[in-house]
There are 2 protein chains.
Amino acid sequence: MEDQNKETGRIPLYRQIKQLIIHNIQTKHWKPGDFIPSESKLLDEFNVSRTTLRQAINSLVQEGVLESRQGKGTQVKIHPPGKLGEHSTIMFQEEGDQFYSRILRMEFSFTFFQAQKHLNVPENEKVFLFERVRMADGDPIAILQFYTPQHIGELLIKSDLHEHEPYAVIEENNGILKQATDWVSAVNATPHEADLLGIRGGESLVSISRLSYGIDEKPVEFSRTIYRADRFSYRVELAHN
Amino acid sequence: MEDQNKETGRIPLYRQIKQLIIHNIQTKHWKPGDFIPSESKLLDEFNVSRTTLRQAINSLVQEGVLESRQGKGTQVKIHPPGKLGEHSTIMFQEEGDQFYSRILRMEFSFTFFQAQKHLNVPENEKVFLFERVRMADGDPIAILQFYTPQHIGELLIKSDLHEHEPYAVIEENNGILKQATDWVSAVNATPHEADLLGIRGGESLVSISRLSYGIDEKPVEFSRTIYRADRFSYRVELAHN
DNA sequence: GTTTTAAACTTAACATAACAAGTTTTAAAT
DNA sequence: ATTTAAAACTTGTTATGTTAAGTTTAAAAC
């Protein structure tokens, strides 16, 4: 760590080290499952005290980015794509359901104002919308609207979204997701929604809005999904913390 | 810290310190909101290095038991009764709302089958139901059904449920809650529910079923609450761990 | 070749020291 | 009395050691 870092001061050294580690992960220098260099090697690379390095690493272990084991080493933790937390969002009644999606829209626009605001996208930049209907054994069960900033949207259209889940594409190209907030509520189906889902207008639907952040704390994805309430339940495990 | 602790070895010192701190909290020696002694005082009391003491304290801060602020001190964190996890269940639009409840039913019965099953109550024992309508500034916004095993129900009716929240009564008499599961879904209001909530029949409502467990891992409370969707949002914070 | 042993790695735990940066208390100045 | 400044607290950050405890590797013994 250079002197000017110590002198600029405001940002603690261990946080700067954290950022360097995160950068190595985001640039795929260290990939999920990889062992990062040992403490002694990182001490040489970063030129900080062991205390400081361990503070940075332990912090990332706490946040679920790294995983350390005594004697073995420290590796970048592997997470299933898009899976955050312990909640199991989708609880359909049958296991044998065949899932697939029917794409409704893939569109860049300046006018997705709510998503633009949540994603912190400047007004002169477009937002990408990816809209699908999710089917289970031929029945439509949910409408998914998936918004991302322009540069991520371009990544997505380059991939084959008919074949790959957007979460998987993002995590392969844009680093892993670290944190998200869900807002769960209920709405009455509009005639158009009822039409898509094959239900009567006014039926109750579960609405889930999600805002996801990457390990660099920047918003990655805003989505709104509405589920048929008769096919869906959202489970949350709660504990003190 | 005595020598035999260091020599028995297996349990790290900082974990032993953690246990001592927790013991002080459990025995109400240090109460929620209290500032615990400063680091220098605890160093004298425990006879360990600052590193070790801070490791114990920081660990408890991470777990949400303590809360430290530079320059001020470290205090035992206050958890609102019945509040588990980071989700903030109730997000009504205005801050100035005056909340109160109107009691509908307080009843012991053998026939609350769903609750009986979830609470693991034997068939020859009654289940207690406490049913209310929650009001915000005069508007009804939710119907709350609160089920407990018989012995807890008896505690509740002895307290003044017009004055005290059942969660608070339980945590004062029956220990704190440790874990809970929420199931969130959506339903259409029945005519009776619409009547109670002052809305049209068929309106969308958010339905939350909760099963709570105490420190002894036994079920304490099963509840079902339905909220007017226009006044309610359920927020969940998700993170890797 | 196989097993055993020791060495060389890894992270975990603990102590001591010094300084920085907030907050409160106290004493001084007005 | 009020304001100001200094001192005395508090937790936060960083450095430098040392020893312990797992895991892997390499050498030695068979």
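Where is the place of A:Q116 in chain A? Let me start there. A:Q116 sits in helix α5 of chain A. This is a predicted model, so keep that in mind throughout.

Now, is A:Q116 buried or exposed? A:Q116 counts as buried, because its relative accessibility is 8% and the cut-off for buried is under 20%. Its side chain has a partner. A polar atom of the A:Q116 side chain lies 3.2 Å from the backbone oxygen of A:P122.

Stay in that part of chain A for a moment. A:N120 lies in the loop between α5, residues 113-119, and β4, residues 127-136. What is phi of A:N120? Phi is near 60°, a positive value, and the residue is not a glycine. For context, most residues other than glycine have a negative phi. A:N120 counts as exposed, because its relative accessibility is 63% and exposed means over 50%.

Chain B has a residue to set beside that one. B:N47 has a positive phi of about 60°, and B:N47 is not a glycine either. Where is B:N47? B:N47 is in the loop between α3 and α4 of chain B. B:N47 is exposed, with a relative accessible area of 55%.

Next, the DNA. Strand C comes up now, then strand D.

How many residues are around DNA strand C? There are 24. The ones that come nearest are A:S38, A:R54, B:L13, B:S49 and B:T52. Both chains appear in that list.

What part of the strand faces the protein? Take the atoms of DNA strand C within 4 Å of the protein. Of these, 70% belong to sugar or phosphate, and the rest belong to bases.

Here are some individual contacts on strand C. A polar backbone atom of B:L13 is 2.2 Å from a phosphate oxygen of the strand. A backbone N or O atom of A:E39 lies 3.0 Å from a phosphate oxygen of DNA strand C. A:G71 reaches a base instead: one of its backbone N or O atoms lies 3.3 Å from a base oxygen of DNA strand C.

Which elements build this surface? From chain A, each of these supplies at least two residues: α3 (39-46), α4 (50-62), β1 (66-69) and β2 (73-76). From chain B, α2 (13-26) and α4 (50-62) do so too. The element that gives the most is α4(B), with four residues. By class, the surface near DNA strand C has four nonpolar, 13 polar and seven charged residues.

On to strand D. Which residues are closest to DNA strand D? They are A:L13, A:S49, A:T52, B:S38 and B:R54, out of 24 residues that surround the strand. Sugar and phosphate make up 67% of the atoms of DNA strand D that come within 4 Å of the protein.

Three contacts here involve chain B. An N or O atom in the side chain of B:R54 is 2.3 Å from a phosphate oxygen of DNA strand D. An N or O atom in the side chain of B:R50 is 2.8 Å from a base nitrogen of DNA strand D. And a backbone N or O atom of B:G71 lies 3.3 Å from a base oxygen of DNA strand D.

The elements giving two or more residues to this surface are α2 (13-26) and α4 of chain A, with α3 (39-46), α4, β1 (66-69) and β2 (73-76) of chain B. The largest share comes from α4(A), with four residues. The residues near DNA strand D divide into four nonpolar, 13 polar and seven charged.

Now away from the DNA. How many cavities of 30 Å³ or more does the structure hold? One. The volume of the largest cavity is about 30 Å³. Its lining is A:I25, A:Q26, A:K28, A:W30, A:P32, A:E171, A:G175 and A:I176. By class, that is four nonpolar, two polar and two charged residues. Which domains contribute? Domain 1 (3-76) and domain 2 (99-231) of chain A each give at least three residues to this lining.

One last stop, in chain B. B:D139 lies in strand β5, residues 139-149. B:D139 counts as partly exposed, with 35% relative accessibility. How far apart are B:D139 and B:F99? In sequence, 40 residues; in space, 9.4 Å from C-alpha to C-alpha.

That is the tour. Thank you.

Terms used. Residues are numbered from 1 along each chain as its sequence is written. Chains are lettered from A and ligands numbered from 1 in the order in which they are written. This is a predicted model: local features need pLDDT of at least 70, side-chain atom pairs count only at pLDDT 80 or more; totals for chains, interfaces and linings use all residues. Side-chain values use heavy atoms; hydrogens and water are left out. A residue is near a molecule or strand if one of its heavy atoms lies within 4 Å of it. A polar contact is a pair of N or O atoms within 3.5 Å; within protein, one must be able to donate a hydrogen and the other to accept it, and residues adjacent in sequence count only if both atoms are side-chain atoms. Ala, Val, Leu, Ile, Met, Phe, Trp, Tyr, Cys and Pro count as nonpolar, Asp, Glu, Lys and Arg as charged, and the others, Gly among them, as polar. On a 1 Å grid over the protein atoms alone, a cavity is a set of points where a 1.4 Å probe fits but cannot get out, and a pocket is an open set with protein on both sides within 12 Å along at least five of seven lines; lining residues have an atom within 4 Å of a point. Grid points are joined across faces, edges and corners, and a volume is the space filled by probe spheres set on the points. Domain bounds come from an automatic or database domain assignment. Buried means under 20% relative accessible area, exposed over 50%, partly exposed in between (1.4 Å probe, protein chains only).
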